[in-house]
Amino acid sequence: MAIPEALKEFSIEAKSGLVIGAETVVGRVAARTLAEAGANLILASQEPGTSDKLKEVAKTVQAVGKKAVTQVQNATTRADLSATVDLAVKQLGGLDIMINVLDAPFFAPAEGTDDTAFERVIEQNLKTVWMACQEGSRVMLQRGGGVIVNVTSIMAQRGVPNASIYCAAKAAVLNLTRALALEWARKGIRVNALELGWLEDESSPAVKDPDFRNSLLKYLPYNRLMKPEEFAGALLYLVSPAAGFVTGESIAVDGGLLCRV
């Protein structure tokens, strides 16, 4: 079926994409969204030991007729990220779109958190994004442009008790996104962010801890957690030609939570 004229600006047909963190629930939604809009993909992990999860995501991409190449890597390792970007060039002919779904939640009282934990949280939530953007830009700058979307959290803008380091790392990703957008604007690379609200995800404390969930639900405007697939439309907009003049921005998909004081 032909794409309606009004929707053609949302097509990324034949584009080459890379999703880092594709084994996560957010990464799976990102991969499926890009594939349904027409992109062929490299599906790379955030952590090793995730081959089976990546293969499952690849099946969903292939089910809509798009190419999916899996790459198990450790996103905290520069050499792995570099090799993954090179794989995109080899397998897909280049790199047009990069989605960084790099997230390692950490909750602990500030007074009991040591330097080792601080360094680990910053590395897994900020340094990984920095290195991924660097490696992706290496190819995009040679090609004359591309799109990067950093998926972060509304905790980038709001403090949460017992999550001080995590909040700081997410806020840094948000400002990193803005700074890179300015630096690369005249070189054809758009860099934006998505801030996600509290997810209905088994790894979330909002799911694991019933007492915390009940307290949180009373505070959420929609009185429910966010379904992972609810950010798909915002992601598609940011990677598509429809957002061709949008860079350095962040879209919060949070059910109105950031509207609260």
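Ala, Val, Leu, Ile, Met, Phe, Trp, Tyr, Cys and Pro count here as nonpolar, Asp, Glu, Lys and Arg as charged, and the others, Gly among them, as polar. By these classes, the lining of the second largest pocket comprises 10 nonpolar, two polar and two charged residues. The model under discussion is a predicted one.

**Pockets**

The volume of the second largest pocket is about 260 Å³. Its lining consists of 14 residues, and those nearest the centre are Arg158, Val160, Trp198, Tyr219 and Leu257.

The largest pocket holds about 780 Å³ of space. Among its 31 lining residues, Val25, Asp103, Pro105, Asp201 and Ser203 lie closest to the centre. At least two lining residues of the largest pocket come from each of helix 1, strand 5 and helix 5 (164-184). The table sets out the composition of both linings.

| Pocket | Nonpolar | Polar | Charged |
|---|---|---|---|
| Largest pocket | 15 residues | eight residues | eight residues |
| Second largest pocket | 10 residues | two residues | two residues |

**Helix 8**

Helix 8 spans residues 232-239, and its buried residues are Ala232, Ala234, Leu235, Leu238 and Val239. These residues lie on the same side of helix 8 because they cover an arc of only 165° around the axis. The buried residues of helix 8 pack against one helix element, helix 1 (25-36), and against strand 4 (97-100), strand 5 (146-153), strand 6 (189-196) and strand 7 (250-253). Two of these packing partners, helix 1 and strand 5, also contribute to the lining of the largest pocket.

Key: Residues are numbered from 1 along each chain as its sequence is written. This is a predicted model: local features need pLDDT of at least 70, side-chain atom pairs count only at pLDDT 80 or more; totals for chains, interfaces and linings use all residues. Side-chain values use heavy atoms; hydrogens and water are left out. Buried means under 20% relative accessible area, exposed over 50%, partly exposed in between (1.4 Å probe, protein chains only). Helices (H or I, at least four residues) and strands (E, at least two) are DSSP runs, numbered from the N terminus. The arc is that of the directions from the helix axis to the C-beta atoms. Contact means heavy atoms within 4.5 Å. On a 1 Å grid over the protein atoms alone, a cavity is a set of points where a 1.4 Å probe fits but cannot get out, and a pocket is an open set with protein on both sides within 12 Å along at least five of seven lines; lining residues have an atom within 4 Å of a point. Grid points are joined across faces, edges and corners, and a volume is the space filled by probe spheres set on the points.
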